[in-house]
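Here are some notes to read alongside the structure. Keep the viewer open and look up each residue as you go.

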Amino acid sequence: MTEVAEARTPAARAHPRAGLRTLDRGAWFLVLPALVPILLLSVGPLLYGVLLAFTDAQSGRTAATRWTGALNFRDLLHDTLFWESFRIGLVWAVGVTVPQFLLALGLALLLNQDLRLRGLARTLAIVPWAMPEVVVGIMWRLVYNPDAGVLNETLRDLGLGDGRDWLSGLATALPAVIVVGVWAGLPQTTVALLAGLQNVPRELHEAAAVDGAGAWRRFRAVTWPALGPVALAITALNLIWNLNSFGLVYVLTGGGPGGKTRLPMLFAYEEAFRYGQFGYAAAMGCVLVAVVSVLLAVFLAGRLRGGEDA
């Protein structure tokens, strides 16, 4: 009886909570090694960039940096070059994401079939994923070379003209860069969709085939509903990644010709490191972060709504 009474005392009842607090402290201790680099290398620079956007910081300036409030953002509203770069960025992001998804979906459906040498085909399909953006950019510059590039040589051999300077033409530079972006990002989209396809039960396909459903009807009624969440996730992420693109386009064209491929990140880079306008460039970065945050919020809201409906 004494042992039971002691177990019912407040001190005894509080003991499990003390154990949970100890467990929480242990969990934070385990997470801390991963959390510190994120705070130092991601959150810290982000906050510093936001602070910089409200100043007149410039490179090589001897006078003290002054607080200017929202002046940089007001100037940005009237900067037609920035909004033109933003329009180009949207064209680039959508122009890469949509064909990338459609091609990746077809490739994933093909690689999901019981084909000979399927393992080798899957390995070759992800080779571009292992190549750095700089290497991809240099390789495609050689492909697009107006004098000895593979593309122009092929067109000449086929009698389709003498070729052209694809990356320097005002009308061809952006489409040419979009083609490279689709090729470079195709592997990760294919891998994500292939993983989603492999989670679709084969029994459902077999049952639909027994009921007389053709390939298109099976895809529409069985494959796509199961693949929908993965497709939504990878499309949203690709759109965000492409909107923040920098390295690939920088190597291919540097934003030219005439600013026809100057994406927002390239514009901010030029303002900061070519013209030394750090405060103004930071304001551009804040606008891009806000746009990406809105896209991410819409994506997460859609995911949560889909989870509640399920």
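Which residues do ring pairs link into a cluster? Let's begin there, keeping in mind that this is a predicted model.

1. **The ring cluster.** The residues to find are F246, Y250, Y269, F273 and F278, which ring pairs link into a cluster. Within this cluster, F246 and Y250 form a stacked pair, with 5.3 Å from centre to centre and 15 degrees between the planes. Both rings keep some contact with the outside: F246 is partly exposed, at 27% relative accessible area, and Y250 is partly exposed too, at 39%.

2. **A pair across the chain.** The model has 16 aromatic pairs in total. One of them joins F101 and W224, whose ring centres are 6.3 Å apart; their planes meet at 75 degrees, and an angle over 60 counts as edge-to-face, so this pair is edge-to-face. F101 belongs to helix 4 (residues 80–111) and W224 to helix 10 (residues 215–243), so the pair links parts of the chain that are 123 residues apart. F101 is buried, with a relative accessible area of 13%, whereas W224 is partly exposed at 36%.

3. **A charge over a ring.** Now look at R164 and W166. R164 lies over the face of the W166 ring, 5.7 Å from the ring centre.

4. **Helix 8: length and bend.** Helix 8 covers residues 173–198, which makes 26 residues. At 1.5 Å a residue the helix should span 38 Å, and its end C-alpha atoms are 38 Å apart, so the two values agree. Look along the helix for a bend as well: there is a kink of about 45 degrees at L186, shortly before the proline P187.

5. **Helix 8: its surroundings.** Is helix 8 largely enclosed or largely open? Of its 26 residues, 19 are buried, so the helix is largely enclosed by the rest of the structure. T189 is a good residue to pick out in helix 8, as it is buried with a relative accessible area of 0%. Leaving aside neighbours within four places in sequence, T189 is in contact with Q100, F101, A104, I234 and N238. F101 is the residue already met in the pair with W224. T189 and L107 are 82 residues apart in sequence, yet their C-alpha atoms are 9.8 Å apart in space.

6. **The largest nonpolar core.** In soluble globular proteins, nonpolar side chains tend to be buried together. Here the largest nonpolar core has 24 residues, and W92, Y144, V180 and L252 have the most contacts inside it. Helix 4, helix 6 (133–143), helix 8, helix 10 and helix 11 (247–252) each supply at least two residues. The largest share, six residues, comes from helix 8. Try selecting W92 and its surroundings: apart from neighbours within four places in sequence, W92 is in contact with V177, I178, G181, N242, S245, L248, V249 and L263.

7. **A buried loop residue.** Where does T253 sit? You will find T253 in the loop between helix 11 and helix 12 (264–273). T253 has a relative accessible area of 18%; the limit for buried is under 20%, so T253 counts as buried. Beyond neighbours within four places in sequence, T253 is in contact with R141, L167, V177 and T261. V177 also appears among the contacts of W92.

Methods: Residues numbered from 1 in each chain as written. Predicted model: local features only at pLDDT ≥ 70, side-chain atom pairs only at ≥ 80, totals over all residues. Heavy atoms only, no water. Phe/Tyr/Trp six-rings, centres within 6.5 Å; stacked < 30°, edge-to-face > 60°. Helix = DSSP H or I, 4+ residues; strand = E, 2+ residues; numbered from the N terminus. Buried < 20%, exposed > 50% of the residue type's maximum accessible area, 1.4 Å probe, protein only. Lys NZ or Arg CZ within 6 Å of the ring centre and 35° of its normal. Expected span 1.5 Å × (residues − 1). Bend = angle between axes of the 7 residues up to and from the residue. Core = buried A, V, L, I, M, F, W, Y, C linked by side-chain atoms within 4.5 Å. Contact = heavy atoms within 4.5 Å.
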